[in-house]
Amino acid sequence: GDSMDFDQKFLQEVRRVANTDTADARQINTHLLGMLIWHRSRLIEQCLTENATDGTVEVSDGLLKGLVMRLPVHAGNALPMLLGTYESELHPHLAAAVQRDYRHIVNIGCGDGYYLVGLARLLPLARCFGHDTNPAAQEGCRQTALLNGVAERVTIGGLFDGGDFAQHPPGATLVICDIEGGEDALLNPTAFPALQRLDIIVELHEMYSVGVTERLLQRFAATHTITHVMHQAKRAHLPMNINGFTELDEMLCTYEGRGGPTPWLVMHARAT
């Protein structure tokens with residue numbers, strides 16, 4: 001069946017990597033560990049979605065509870081998304097954003113629309129603009145918007161042009177940015193002065209752009225109040241068909257697949 005094919009393909013890939021002609025045993029071990037984690041996570045996903053005949057599933061807990069998504073996702077790890085623990089460190093700040101009743105949400109690096117569509121559901125008067133350079137993620141985001149009945153308020157594009165910050169209303173726009181180090185060049189209020197009056201949540205990627213955290217803190221210190229949000233340990237409320245799995249499986253349910261620390265800056269413009 002499908003599960004057997006999945007297992008056989010995985011074993012074939014393990015054998016291929018293990019037989020790779022390289023002296024770097026650490027690199028092979030890291031690659032194999034990543035493959036094992038990915039494989040086991042997909043099997044747990046199958047358990048979560050075994051009753052989803054159309055390939056869709058609802059987020060079961062957390063701030064975005066009730067959001068409908070279609071698997072597979074093209075950005076991030078689906079398990080913590082579906083269980084509602086994904087980046088839960090941001091949930092208090094996103095809940096506060098909902099209370100601010102923004103008119104525009106701009107999600108740069110929107111993936112399949114987890115935040116873009118999730119916030120569109122919670123902010124029924126907001127217009128939501130998503131950008132992603134991955135065409136598959138763009139299409140996934142369109143599907144998520146349709147599945148959740150918000151497509152008429154969601155606009156999806158590719159690469160974001162920093163000059164377009166000026167098109168969004170000052171004091172009424174939230175920018176959510178997750179672009180794997182590209183935040184260093186894009187979030188530059190000298191190049192794009194409109195940023196001085198927009199609220200921003202940005203994921204930091206020091207592993208790709210060393211020093212980006214300090215540079216952003218310096219750039220926005222005069223115009224924004226800034227909160228530095230760090231990762232926290234988390235546990236999920238597991239559904240019945242996951243309870244009873246191993247402790248490692250429970251850990252994988254909240255594993256977000258990060259290659260290094262990726263904290264966030266939550267920045268609120270002082271002058272609006």
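**Close-up views of a predicted model**

**View 1. Strand 4 and its parallel neighbours.** Four of the five residues of strand 4 (residues 127-131) are buried, which leaves this strand mostly covered. The model shown here and in the views below is predicted. Strand 4 runs parallel to strand 3 (residues 104-108), and five bridges join the two. Within this pairing, Asn107 is placed opposite Gly130 of strand 4. Between strand 3 and strand 4 the chain passes through helix 5 (residues 114-122), forming a right-handed β-α-β crossover. Strand 4 is also joined to strand 5 (residues 154-157), by four bridges and in parallel orientation. Here Phe129 has Thr155 of strand 5 as its bridge partner. The connection from strand 4 to strand 5 leads through helix 6 (residues 135-147), and this β-α-β crossover is likewise a right-handed one.

**View 2. Helix 5 and the largest nonpolar core.** The largest nonpolar core holds 38 residues, and those touching the most other members are Ile105, Tyr114, Tyr115 and Val154. At least two core residues come from each of helix 3 (78-83), helix 4 (91-100), helix 5, helix 6, strand 5, strand 6 and strand 9 (264-269). Helix 5 supplies the largest share, six residues. This helix is mostly covered, with seven of its nine residues buried. The buried residues of helix 5 are Tyr114, Tyr115, Leu116, Val117, Gly118, Leu119 and Ala120. As a general background to this view, nonpolar side chains in soluble globular proteins tend to be buried together.

**View 3. The largest pocket and its lining.** The largest pocket encloses about 750 Å³ of space. Its lining consists of 44 residues, and Ala75, Gly76, Gly109, Asp178 and Glu180 are the ones nearest the centre. Strand 3, helix 5, strand 6 (173-177) and strand 7 (199-203) are the elements that contribute two or more residues to this lining. Strand 7 provides the largest share, with three residues. By residue class, the lining of the largest pocket comprises 22 nonpolar, 14 polar and eight charged residues.

**View 4. The second largest pocket and the cis peptide bond at Pro72.** About 310 Å³ of space is found in the second largest pocket. Eleven residues form its lining, and Arg42, Glu45, Gln46, Leu71 and Pro72 lie closest to the centre. Helix 2 (residues 25-48) makes the greatest contribution to this lining, namely four residues. The lining of the second largest pocket divides into six nonpolar, three polar and two charged residues. Leu71 and Pro72 are joined by a cis peptide bond, with omega of about 0°. Pro72 belongs to the loop that lies between strand 2 (68-70) and helix 3. For context, most peptide bonds are trans.

**View 5. Two glutamates with positive phi.** Most residues other than glycine have a negative phi. Glu87, although not a glycine, has a positive phi of about 50°. Glu87 is located in the loop between helix 3 and helix 4. Its relative accessibility is 2%, and Glu87 therefore counts as buried, the cut-off for this class being under 20% relative accessible area. Glu180 also has a positive phi of about 50° without being a glycine. Its place is in the loop between strand 6 and helix 7 (183-186). With a relative accessible area of 45%, Glu180 is partly exposed. Glu180 is also among the residues nearest the centre of the largest pocket shown in View 3.

**View 6. The surroundings of Ala222.** Ala222 lies in the loop between helix 8 (212-220) and strand 8 (224-229). Its relative accessible area is 68%, so Ala222 is classed as exposed, a class that begins over 50%. Along the chain, Ala222 and Ala269 are 47 residues apart, and their C-alpha atoms are separated by 9.4 Å.

Note on methods:
Residues numbered from 1 in each chain as written. Predicted model: local features only at pLDDT ≥ 70, side-chain atom pairs only at ≥ 80, totals over all residues. Heavy atoms only, no water. Buried < 20%, exposed > 50% of the residue type's maximum accessible area, 1.4 Å probe, protein only. Pairing = 2+ DSSP bridges. Right-handed = clockwise from strand over helix to strand, strands pointing away. 1 Å grid on protein atoms, 1.4 Å probe; cavity = no way out; pocket = protein on both sides within 12 Å on 5 of 7 lines; lining within 4 Å. Points joined across faces, edges and corners; volume = space filled by probe spheres on them. Nonpolar A, V, L, I, M, F, W, Y, C, P; charged D, E, K, R; others polar. Core = buried A, V, L, I, M, F, W, Y, C linked by side-chain atoms within 4.5 Å.
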